[in-house]
Amino acid sequence: FAHAQAVDYNFTGASGGLWTDQANWTPKGEPGFGDRVSIVGKTVTLDLSTSVDSLYLNSSTLKGSGVLTTPSTVSDGVSEISLELQNIGIVETWSGWLTLSHGIEKGGNYQAAAGTEIEFAASFTLSGALAGSGMMSFTSGTSTVTGPYSADTTYVLKTLNINELDTANLLVNGGTVSLGNGSANYADMNG
């Protein structure tokens with residue numbers, strides 16, 4: 001039984017094009033399981049549910065009714081993901097900021113590099129780690145964090161529920177939490 005080799009796909013179609021249009025990709029074809037996807041300076045509509053090995057966005061928007069499952073999402077520039085992302089690995093920013101506006105992202109870890117931001121612009125339940133020396137902004141809805149998080153990261157909150165505040169997972173060494181006009185609710189405080 002032979003396995004197909006992974007392919008590096010670049011979206012080269014017109015901004016607003018469909019993921020399933022094979023002519024939108026170089027090389028020609030539709031990215032799928034095991035493939036690496038790069039989208040630079042475009043808006044792409046995911047019109048089916050699929051899995052890829054990695055997603056790289058640079059000043060791009062990925063939207064649609066499909067569900068994307070990937071172990072690796074990297075963002076450069078100003079990008080947005082406004083569809084269901086089954087994050088089974090890591091979402092990280094290398095530069096600029098990334099807005100996640102669907103609100104049903106599951107699992108995985110989120111890492112904001114210094115000088116970058118990940119904006120959670122809907123209600124989220126995050127079970128993975130929040131880390132990095134950048135910023136995590138919770139700007140809409142109510143989000144719940146059940147995984148570990150780092151105080152090296154700056155958090156800007158609207159409403160954030162932390163199910164369990166455990167000092168083993170909270171590293172206070174120069175990080176800040178800014179509540180602004182929002183609120184933070186703590187269900188259980190251990191430590």
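1. Strands here are DSSP runs of E, at least two residues long, numbered from the N terminus. With that in hand, Glu119 has its place in strand β12, which covers residues 117-120. Keep in mind throughout that this is a predicted model.

2. On the overall picture: the chain has 22 strands and zero helices. Of its 191 residues, 42% count as buried. If you look at contacts with a separation of 6 or more, residues 24 or more positions apart account for 16% of them.

3. A word on confidence before the details. The average pLDDT over the chain is 79, and 76% of the residues score at least 70. Residues 165-176 are where I'd be careful, since I'd read that stretch with its pLDDT below 50 in mind. In the model, the stretch still has 25 contacts beyond near neighbours in sequence.

4. Back to Glu119. Is this residue buried or exposed? Its relative accessible area is 18%, and the cut-off for buried is under 20%, so Glu119 counts as buried. The side chain has a polar partner: a contact of 3.0 Å joins Glu119 to the side chain of Thr99. Setting aside residues up to four places away in sequence, Glu119 touches Leu98, Thr99 and Leu100, along with Ser137 and Thr139.

5. The strand pairing around β12 is worth a look next to that contact list. Strand β10 (residues 97-100) runs parallel to β12, and four bridges join the two. Within this pairing, Trp97 has Glu117 of β12 as its bridge partner. β12 also pairs with strand β15 (residues 135-138), again in the parallel sense and over four bridges. There, Glu117 stands opposite Met135 of β15. So Glu117 turns up in both pairings, with Trp97 as partner in one and Met135 opposite in the other. As a reminder for anyone stepping along these strands: in a regular strand the side chains alternate between the two faces of the sheet.

6. Another parallel set sits earlier in the sequence. Five bridges connect strand β4 (residues 36-40) with strand β7 (residues 54-58) in the parallel sense. Ser38 has Tyr56 as its bridge partner in β7. β7 then pairs with β8, also in the parallel sense, over four bridges. In that second pairing, Leu57 stands opposite Ser75 of β8.

7. Ser72 is a useful contrast to Glu119. Ser72 lies in strand β8, residues 61-76. Which class does Ser72 fall into at 21% relative accessibility? Buried needs under 20%, so Ser72 counts as partly exposed. I wouldn't lean hard on the labels here, with Glu119 at 18% and Ser72 at 21%. Beyond residues up to four places away in sequence, Ser72 touches Asp53, Ser54, Leu55 and Ile90. Ser72 and Asn109 are 37 residues apart in sequence, with their C-alpha atoms 9.6 Å apart in space.

8. Now the nonpolar core. The largest one has 32 residues, and the members touching the most other members are Trp19, Ile39, Phe120 and Leu130. Strand β9 (residues 78-93) gives the most to this core, with four residues. Leu130 has a long contact list once neighbours within four places in sequence are left aside: Tyr110, Phe120, Met136, Phe138, Val145, Pro148, Tyr149, Ser150 and Tyr155. As background, in soluble globular proteins nonpolar side chains tend to be buried together.

9. Finally, the rings. How many aromatic pairs does the structure hold? There are seven. Take Tyr110 and Phe120: the ring centres are 5.4 Å apart with the planes at 70°, so this pair is edge-to-face. The pair links distant parts of the chain, Tyr110 being in strand β11 (residues 109-112) and Phe120 in strand β12, 10 residues apart. Tyr110 and Phe120 are both buried. Phe120 also pairs with Phe138, with centres 4.7 Å apart and planes at 10°, so that pair is stacked. Phe138 is in strand β15, and the pair again links distant parts of the chain, 18 residues apart. Phe138 is buried, as is Phe120. Tyr110, Phe120 and Phe138 are also among the contacts of Leu130.

10. One more aromatic group to inspect: ring pairs link Tyr9, Phe11, Trp19 and Trp25 into a cluster. Trp19 is worth clicking on, being one of the core residues that touch the most other members.

Note on methods
Residues are numbered from 1 along each chain as its sequence is written. This is a predicted model: local features need pLDDT of at least 70, side-chain atom pairs count only at pLDDT 80 or more; totals for chains, interfaces and linings use all residues. Side-chain values use heavy atoms; hydrogens and water are left out. Buried means under 20% relative accessible area, exposed over 50%, partly exposed in between (1.4 Å probe, protein chains only). A polar contact is a pair of N or O atoms within 3.5 Å; within protein, one must be able to donate a hydrogen and the other to accept it, and residues adjacent in sequence count only if both atoms are side-chain atoms. Contact means heavy atoms within 4.5 Å. Two strands pair if DSSP finds at least two bridges between them. A nonpolar core is a set of buried Ala, Val, Leu, Ile, Met, Phe, Trp, Tyr and Cys residues joined through side-chain atoms within 4.5 Å. Rings of Phe, Tyr and Trp (its six-membered ring) pair if their centres lie within 6.5 Å; planes under 30 degrees apart count as stacked, over 60 as edge-to-face and the rest as tilted. pLDDT is the predictor's confidence in each residue, from 0 to 100.
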